[in-house]
Amino acid sequence: MSTTDITKGESKETTSGKELVSIFVMGKKYEVPKNLTIMKAMEYAGYKYIRGCGCRGGICGACGTVYRKPGDYHIYVGLACQTVVEDGMYLTQLPFFPANRATYNLEAIGSDPEEVYKKYPELFRCVACNACTKVCPMDISVMDYISAIKQGDFEKATELSFDCIQCGLCTVRCMGEMSQYHIAQMVRRITGSKIKPESSHLKTMVDNIKTGRYTRTITDIKSMSEDQLRKAYQAREMEPSEAPEDWKPADNTYL
Amino acid sequence: MKISYYPGCTLKTKAKNMDCPGVAALNALGVELVELPRWNCCGAVFSLADDDLLHLLAPVRDLIRVVEQGDNKLVVACSMCYNTLARANLLMRENSEKRHTINTFMEEERDYNGEVEVVHLLSFLRDEIGWEKIRESIKVPLRGLKIAPYYGCTLLRPQSVAIEPPEKHTLFKDLIETMGATVVDFPASTDCCSSYQILSNPDVGIETVSKILESAESWGAEAIVTSCPLCEYNLGKRQEDALRKHDKLKALPTFYFTQLLAIALGLGAEVCNFELNHNGVIRLMESKKFLTAA
């Protein structure tokens, strides 16, 4: 593997001639080029992602990864697609963790905190150990939003949990066995639909969708052959990482 | 005067009728209760297991939040929160071994050594504001209202955090007299309300509640006043269960002391959230003309 382009669709760095570091994936040692993300390093090492990999942009939450460093007892976490490998890193990805998710009909419930307490009574098992906050790769104060929910302050909980990407690492660490991110999602849904005033631009957008303004986008994609789809994907125009506010794609057929 | 205030989860949800009138009443007395900007559930019950340090994390974190505010005093209105926070505080002050273990575990926080003073709102009224000043501020004296002060357990037990000597308690009585009402000193004043037994063993709970109500009534009380949401739940919201079981019992309105103080200070029913009390509370206030007088 002298020159391997494992970065297609992202920055065009290649791995030729780079300095190598040792990482341990699920206990097995691999020599990988430094400066790669964990995800790229694992692909370099021969792993093929079927699951546990989504947007590769640090926002979908599919690639939560737990690691340790030599001579350090702390547990470190990161998203595999964002975290750069370090020499001696000991890691495993946790693409999925079983989490309790309540079923409810949002239309049928009100904004009373009790609605959430009934669905997730385990909320009250929080002992404020703060392991959830310490593990969050998005630096969210998970313990504080759980506290806000217990205090019935859904707007505060919504603000605090807004950046959650639902990777589930908080849930992995919770000694109260709760699924913080699912609880917060229910709270955000209630806040958005029953506490905050309705936003006018959202209503316009939903009306646009209902009246079929974007239907063509999906029907066109669905009618493509696999080959056409692949070509369209590879030729897609992406917003540059430091695009100005007024950036627009050259082809705006579907907008 | 501004003072750091810990409301507790229940006062923010089920017992807003304790929190809102308390904040309003103190405001009328020239004190701003400033809710800690960041706080978590204290755990509600102080763990008695000697090796259970885990349940100390929550109250100690709250005390650290006070220090972070640059403050060294915390006022608590809920008796259970008071008890839990005060006992955790005492342990951090006195037990160096456990203090070390807890501080080491909470490495993301500053070390805590029990620097904060945890004060119950009743003590604060007496010591920092004073009965005299409160008496001068009363606009609607609760004249003719016979009130039984119900301490329950957590204000007076254990002795190390008791707001006053358990056998010589006068604080609640002094407050009632200051508000112009009549104290009904009844023997079940410091009995346990059955606490969480009401959930796991409801028959025992309701019997306990019945005895307390019967005692207060037999000494002529027209109302009970408490400082604990769990006591209020058992004596107030579960009162109907007791009345159903015992024909001789009469309905006895149950208030938080903050509600009566707010009414006496002339703040009216608006700040009291009486709808969260059990039935009969507003009727009593109206029949005594305490709501119109303001």
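Let's begin with B:Ser189, which is buried in this predicted model, with a relative accessible area of 2%. Anything under 20% counts as buried here, so a value of 2% puts B:Ser189 in that class. You'll find this serine in the loop between β6 and α9 of chain B, where α9 covers residues 197-200. And who are its contacts? Leaving aside residues up to four places away in sequence, B:Ser189 touches B:Pro149, B:Tyr150, B:Tyr151, B:Gly152 and B:His169.

One of those contacts, B:Pro149, takes us to the sheet, since strand β5 of chain B spans residues 146-149. Four strands of chain B make up this open sheet, and if you walk across you meet β6, then β5, then β7, then β8, with parallel pairing. Which strands stand at the edges? Those are β6, residues 182-183, and β8, residues 254-256; each has a single partner strand, so one side of each is left without a neighbour in the sheet.

Now look at β7 of chain B, residues 223-226. On one flank, three bridges tie β7 to β5, and the two strands run parallel. If you'd like a pair to click on, B:Ile147 stands opposite B:Ala223. On the other pairing, β7 and β8 of chain B also run parallel, again joined by three bridges, and there B:Val225 has B:Phe255 as its bridge partner. Are the faces of β7 buried or exposed? Both are covered: B:Ala223 and B:Val225 are buried on one side, and B:Ile224 and B:Thr226 are buried on the other.

Staying with chain B, take helix α11, residues 229-237. How many of its nine residues are buried? Seven are, which makes the helix mostly covered. The buried set is B:Pro229, B:Leu230, B:Cys231, B:Glu232, B:Asn234, B:Leu235 and B:Gly236, so you'll see a glutamate and an asparagine in there along with two leucines.

Over to chain A for a moment, please. Strands β1, residues 20-25, and β2, residues 28-33, pair in the antiparallel sense over six bridges. Within that pairing, A:Ser22 stands opposite A:Glu31. The hairpin has two residues between the strands, and A:Met26 takes a positive phi near 50° there.

Finally, let's see how the two chains meet. Chain A brings 17 residues to the contact and chain B brings 18. Together they bury about 1,500 Å², and 51% of that lies on carbon and sulfur atoms. How many salt bridges cross this interface? The rule finds three. One to look at is between the side chains of A:Lys134 and B:Glu108, at 3.5 Å from N to O. For polar contacts, the count between the chains is ten residue pairs, both residues at pLDDT 80 or more.

On the side of chain A that touches chain B, the elements giving two or more residues are α2, residues 113-119, and α4, residues 142-150. Which gives the most? That is α4 of chain A, with four residues. Sorted by class, this side of chain A has seven nonpolar, five polar and five charged residues.

Notes
Residues are numbered from 1 along each chain as its sequence is written. Chains are lettered from A and ligands numbered from 1 in the order in which they are written. This is a predicted model: local features need pLDDT of at least 70, side-chain atom pairs count only at pLDDT 80 or more; totals for chains, interfaces and linings use all residues. Side-chain values use heavy atoms; hydrogens and water are left out. Two strands pair if DSSP finds at least two bridges between them. Contact means heavy atoms within 4.5 Å. Buried area is the accessible area (1.4 Å probe) that two parts lose on being put together, summed over both. A salt bridge is a side-chain nitrogen of Lys or Arg within 4 Å of a carboxyl oxygen of Asp or Glu. A polar contact is a pair of N or O atoms within 3.5 Å; within protein, one must be able to donate a hydrogen and the other to accept it, and residues adjacent in sequence count only if both atoms are side-chain atoms. Ala, Val, Leu, Ile, Met, Phe, Trp, Tyr, Cys and Pro count as nonpolar, Asp, Glu, Lys and Arg as charged, and the others, Gly among them, as polar. Buried means under 20% relative accessible area, exposed over 50%, partly exposed in between (1.4 Å probe, protein chains only).
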